[in-house]
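Subject: Structure to look at

Hi,

Here is the structure I promised to pass on. Have a look at it first, then read my notes below with the 3D view open.

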Amino acid sequence: MKAITLLGSTGSIGTQTLDIVEHHPDRFRIVGLAARGNVELLAQQIRQFRPEIVAICLEDKLPELRAAIADLDPQPMILAGEQGVVEVARYGDAEAVVTGIVGCAGLLPTIAAIEAGKDIALANKETLIAGGPVVNPLIEKHGVKLLPADSEHSAIFQCLQGVPPGGLRRIILTASGGAFRDWPVEKLATVKVADALKHPNWSMGRKITVDSATLMNKGLEVIEAHYLFGMDYDDIDIVIHPQSIIHSLIELQDTSVLAQLGWPDMRLPLLYALSWPERIYTDWERLDLVKAGDLTFRSPDHQKYPCMQLAYAAGRAGGSMPAVLNAANEQAVELFLEEKIGFLEIPRVIERVCDRHQADNCAEPGLEEILAADRWARQAVLEASATLKSEPKSFTPGVKSLERVTPATAG
């Protein structure tokens, strides 16, 4: 039985991970849980899974959580705040830590888990995007495994099983196209928050759903794939695949292409990350190719999705630039969700912040430089968004400063 700690237990990744644990009680047990602030759901999870240690990130929710489980005996150790989440990540005999915390907030707990010798089931892509220069050396130093738990990188990882060293030629990431894949470019100026949150295929949290609508999620996955699999950016492509049945593909040196297929269900990559190298039987709906029907593909529209180009440019710049890109995107999406900026202003403010950082890009950042870049970028977004309010609204998608950059695109 594998002992697991789960960070972000009340979010989409967390609840689906716990669904796996519930249906495989002979395989997995929960050691620790950490959540942001959903006291009611966290209390239910504590009652059902009886963790040894729990953390709630919002410290003002701690008394409410204590009251909600006051009758439990024995009581778990209960912590609060960001440091509490870090303590949960490194605690006890957990063999693996599932990192389901959204955003750069997952970086420090993940590092703590690695330094404690725990394998990582990585569902938090920002850990590598912002912290890759620090995280990858730590993985090697402590001899732990970093297993991708999102659908695209899990697909690549699954396809790579049995491929000899040097056999990989190209990675092809598939993208659903998000909420606006069938919208004309001209209509994007009318986008409301509710529109961006209507993903056609997947049920995800608000931030990642907006990232899917801008296709920044795919750009971030390009950077993550670079760190996970050691591929050059010229050899990582994106293709729009509206059905989300093929979760990604690899091309080998002899031009053979391997793909991993399945219904859109995050539980499969999560289960594989937890059970690798084993394959565990499930009673989930099996893929019926006739029922799935036609599988179609098209190149992404860079005019419609400028965030992809921003991500390629930031990845190629390297150093602290990916951390700035990631933080700027998080802050811009938050402003959009709060209806403080429009949908088309998301790439505009990110571009401005990345341009400002070019002169200060740290080529070999340590953890302090990455965290400093993250803090700077968030403030820079607030400043950039304020200047947008005084500018004309006649903006069309596309990123002007990236005309001098030629990112790889789908072949």
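Below is what I found, going region by region. Keep in mind that this is a predicted model.

**The two annotated domains**

Let's start with what the UniProt record says. It places a feature called "domain: 1-deoxy-D-xylulose 5-phosphate reductoisomerase N-terminal" at residues 4-132, in an unreviewed entry. Over residues 4-132 the chain is 43% helix and 22% strand, and the C-alpha atoms at the two ends are 23 Å apart. The record also lists "domain: DXP reductoisomerase C-terminal" (unreviewed entry) for residues 261-379. Over residues 261-379 the chain is 57% helix and 1% strand, with the end C-alpha atoms 41 Å apart.

**Helix 2 and its buried side**

Now find helix 2, which covers residues 39-49. Which of its residues are buried? They are V39, L42, A43, Q45, I46 and F49. Those residues cover an arc of only 160 degrees around the axis, which puts them on the same side of helix 2. Here is a handy rule for looking at patterns like this: an α-helix has 3.6 residues a turn, so residues three or four places apart point the same way.

What do the buried residues of helix 2 pack against? Their partners are helix 1 (12-23), strand 2 (28-35), strand 3 (53-56) and helix 3 (62-68). Just after helix 2 you'll meet R50, which takes a positive phi of about 50 degrees.

**Helix 10, wrapped up by the rest**

Next, try helix 10, at residues 216-229. This helix has 14 residues and reaches 20 Å from its first C-alpha to its last, close to the 20 Å expected at 1.5 Å a residue. Why is helix 10 described as largely enclosed by the rest of the structure? Because 12 of its 14 residues are buried. Among them are the charged-looking names you might not guess, including K218, E221 and E224, along with L220, V222 and I223. Just after helix 10, G230 takes a positive phi of about 70 degrees.

**The nonpolar core and its aromatic rings**

In soluble globular proteins, nonpolar side chains tend to be buried together. In this model, the largest nonpolar core has 127 residues. The residues with the most contacts inside this core are L65, I171, F180, L325, F336, F343 and I350. Helix 14 gives the most to the core, with 11 residues.

The structure holds 5 aromatic pairs. In one of them, the rings of F180 and F343 have their centres 5.0 Å apart and their planes at 75 degrees, so the pair is edge-to-face. F180 lies in the loop between strand 8 (168-175) and helix 8 (193-196), and F343 in the loop between helix 14 and helix 15, so the pair ties together parts that are 163 residues apart in sequence. Are these two rings buried or exposed? F180 is buried, with a relative accessible area of 1%, and F343 counts as buried at 7%.

F180 and F343 also belong to one aromatic cluster together with W183 and F336. Setting aside residues up to four places away in sequence, F336 touches V191, K192, V193, A196, V210, I341, G342, F343 and I346.

**Loops to zoom in on**

A few backbone details are fun to hunt for:

- The peptide bond from D73 to P74 is cis, with omega near 5 degrees. P74 lies in the loop between helix 3 and strand 4 (77-80).
- W276 and P277 are also joined by a cis peptide bond, with omega about 10 degrees. You'll find P277 in the loop between helix 11 (267-275) and helix 12 (289-292).
- T255 is not a glycine, yet has a positive phi of about 75 degrees. T255 is in the loop between strand 10 (246-252) and strand 11 (257-261).
- E339 is not a glycine either, and has a positive phi of about 60 degrees. E339 sits in the loop between helix 14 (321-337) and helix 15 (345-357), and is exposed, with a relative accessible area of 65%.

One last stop is T282, in the loop between helix 11 and helix 12. Leaving aside neighbours within four places in sequence, T282 is in contact with H24 and L271.

Happy exploring!

How values were computed
Residues are numbered from 1 along each chain as its sequence is written. This is a predicted model: local features need pLDDT of at least 70, side-chain atom pairs count only at pLDDT 80 or more; totals for chains, interfaces and linings use all residues. Side-chain values use heavy atoms; hydrogens and water are left out. Buried means under 20% relative accessible area, exposed over 50%, partly exposed in between (1.4 Å probe, protein chains only). Helices (H or I, at least four residues) and strands (E, at least two) are DSSP runs, numbered from the N terminus. The arc is that of the directions from the helix axis to the C-beta atoms. Contact means heavy atoms within 4.5 Å. UniProt positions are given in the numbering used here, feature names are shortened, and annotations may be inferred rather than shown by experiment. The expected span of a helix is 1.5 Å times one less than its number of residues. A nonpolar core is a set of buried Ala, Val, Leu, Ile, Met, Phe, Trp, Tyr and Cys residues joined through side-chain atoms within 4.5 Å. Rings of Phe, Tyr and Trp (its six-membered ring) pair if their centres lie within 6.5 Å; planes under 30 degrees apart count as stacked, over 60 as edge-to-face and the rest as tilted.
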